[in-house]
Amino acid sequence: MKAMNVCKIAFLIATAMGVAACGSDGKDGEDGAPGEPGPSPLPPVVEASEVTNVEMINHMIEDGKLTVEFGITNEDGIAITGLEDASVYLAAMTENGIQRSRDGSVGGSATAGGDRATEGATLTELDDGNYQFVAPMAAVKADTEGLIRLQVGGGDIAKSPYLIIDKPEMTHTTTTETCYSCHVDYATSSIKHSGYVALNTEGEVDFVGGCMVCHNNVKRDVDSEGNSLDTGGYAKNTMQMLGHINHQKFEKDFAPANCYTCHAEPVMNTNIAGNGCTDCHSGSSAKVENFYAANDDFDVRELHAKAAGITERKEMRENFYTETSAVYYDATLEFTDHKDVSWVGGYCVDVKLFDNSGETPVQLNIGEMYASHEVTYAGAYVNAYDNETDSIVARVIGHGSEGYVEREDGTRSVCYGQLLNGPGSGYENAHLTTSSRVTLADSNWEDNDGKFGVSFTGFSEVVDNTLTAIDKEFSRRHNVDAESCTTCHTNETNYHKNGSYNNGGESCIACHNNGQDRRSKNSAPGFGPMVHSMHWGVGSSAITGEPNSATSLNADNCVSCHTEVVDLTEVPNRYMLSKAYNGGTSGVMTSPITANCFACHNSDSALSHMTQNGGELNTPTTAEWYTQPTAESCSTCHAEGKSFGIDKFHNFER
């Protein structure tokens, strides 16, 4: 074939173009038609990033090494070139569970780049944005299975999140969902080790997998004097110890024995001498050995729930229910109240208890069950109710002034000689509703301020101040769901005073509401502010003097309790009585949004911001305070969707 050099080709092309230009197309001086697009330029690359995204390509385990191939892009999806830093960790699956020794005798780790690079580790850029990381690990074999965690980045290239690139099946039976039911969005908090939260290759949080790379099933060895060695597992606290031991420090009604709280699947180890069991159990016994001999397939979660009485309490809650009547006047009733005052005629609330375990509910006899100590409490209150805002604003009966009347059908009527809503009370125009509580004793019941047993709270329909029905059920704005409290408070008992955690703590509002001016350890008034403070405000230290375990949760994540964003425009614009904010001295009231926010945001600058925008703290109480609107304008800026909406600063989505 005849060869032609480049210069001659260029000359011929130039000549052809010159000949074409000398011709006339009749449109000299006008632009020609656009030409066809040429080939696109090479894809752009960057050498720095604010966010580094990792996409796994492949990984391979061989004798003595782990090879990982991956691609990285920045926050705009552009390939990143020039990566020099990467680290990888492999916690091996052994007969004792997941294990990674610090001396490299089990599992391994390797780093490329930085001042602690592993000898023999290489990081090679295969093409723009794609890399191969070869990590030497002496103890690793080709058939090793393990939990593998990767992180890349350093210098001008932002560090990526930790990424779990491989995990053997059934590595653990706890899940991100069960942990995050309390520890919502742990990675976004400032709590210990939050930066170690890992993602899987789909970009989803793998909370437990990330923890187990260091907190193995095998604990770190110690010598005879208690000094840590570099053999055994990586950390002294195993994953199961974190769950079984550390969670026992949750001081209020979290049940470590309620295994269902964390274990979404049946526990793998059922040997009392094996992983997990020895955290709490010192050894075997004849009873245990006999059980093993008789049962080759059982669910440890069920065993613990039964032993702790949780199963019994759950069944009781399912099998019983109560009914509560509106207040009515019985003119012929003769009774003596608990202060030994005799009355003819009484304002009564009927409380009924039913057994729902059969096909048809059966009414039980509260009086007989109270005498036999099957029922440990059965009482009722009459409350003033603001029909406009659906709020309890006062308790209109005297403390200890009730009398119990046992009816033939088993109903207990809780009766009062008088109501305190007459002229001059401030509540003469308020409507009325009632609340009741019935507590059943379970096998583990203790007589301790109503903290034990299975309690049922009921609210009646609303009547007007003449005791006439107005066809209105009790309701209250309650921006939590049925499991908001029981997700973390898992032992199926009560906080105190026979008030349970069920139904989002609804029973608490019978006493902790806008108008019942509780001191609540000088934490915060009402229900919402008190809950905020008792978990994350001054109230968290009010009982023991030390912050309680709720401070180990992420307070920014309101979704821990709230099912959806709090709509500030829907908050009833009425005051709440607030002696809890006034050192226990009554006679003051606080605007509602300020009361809730100040429970956590209690600095002088925060309060100044609230008051400058119409918020009020401890303003002197007026005669009909519960009908008086406030001047708060918080929702103008802080309602959902606004430039400074609370959803911009607090998380309401899981």
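Which residue takes a positive phi in the hairpin of S25 and S26? In this predicted model, the residue is Leu 467, with a phi near 70°. Five residues lie between the two strands of that hairpin. Strand S25 covers residues 462-463 and strand S26 covers residues 469-472. Their pairing is antiparallel and runs over two bridges. Within the pair, Val 463 of S25 faces Ala 469 of S26.

Charged side chains were examined next. Side chains of opposite charge can pair when their charged atoms come close. The model holds 14 salt bridges, and three of them are described here.

One salt bridge joins Lys 65 to Glu 62, with 3.8 Å between the closest N and O atoms. Lys 65 is partly exposed, at a relative accessible area of 31%, and Glu 62 is also partly exposed, at 26%.

Another joins Lys 306 to Glu 302, where the closest N and O atoms are 3.3 Å apart. Both residues belong to helix H7 (residues 300-307); because they are four residues apart in this helix, about one helical turn separates them. Lys 306 is exposed, with 52% relative accessibility, whereas Glu 302 is partly exposed, with 37%.

A further salt bridge is formed by Asp 449 and Lys 497, whose closest N and O atoms lie 3.0 Å apart. This pair links distant parts of the chain, the two residues being 48 residues apart. Asp 449 sits in the loop between strand S23 (431-440) and strand S24 (454-459), and Lys 497 in the loop between strand S27 (494-496) and strand S28 (499-500). Asp 449 is partly exposed at 34% relative accessibility, and Lys 497 is partly exposed at 45%.

Terms used. Residues are numbered from 1 along each chain as its sequence is written. This is a predicted model: local features need pLDDT of at least 70, side-chain atom pairs count only at pLDDT 80 or more; totals for chains, interfaces and linings use all residues. Side-chain values use heavy atoms; hydrogens and water are left out. Two strands pair if DSSP finds at least two bridges between them. A salt bridge is a side-chain nitrogen of Lys or Arg within 4 Å of a carboxyl oxygen of Asp or Glu. Buried means under 20% relative accessible area, exposed over 50%, partly exposed in between (1.4 Å probe, protein chains only).
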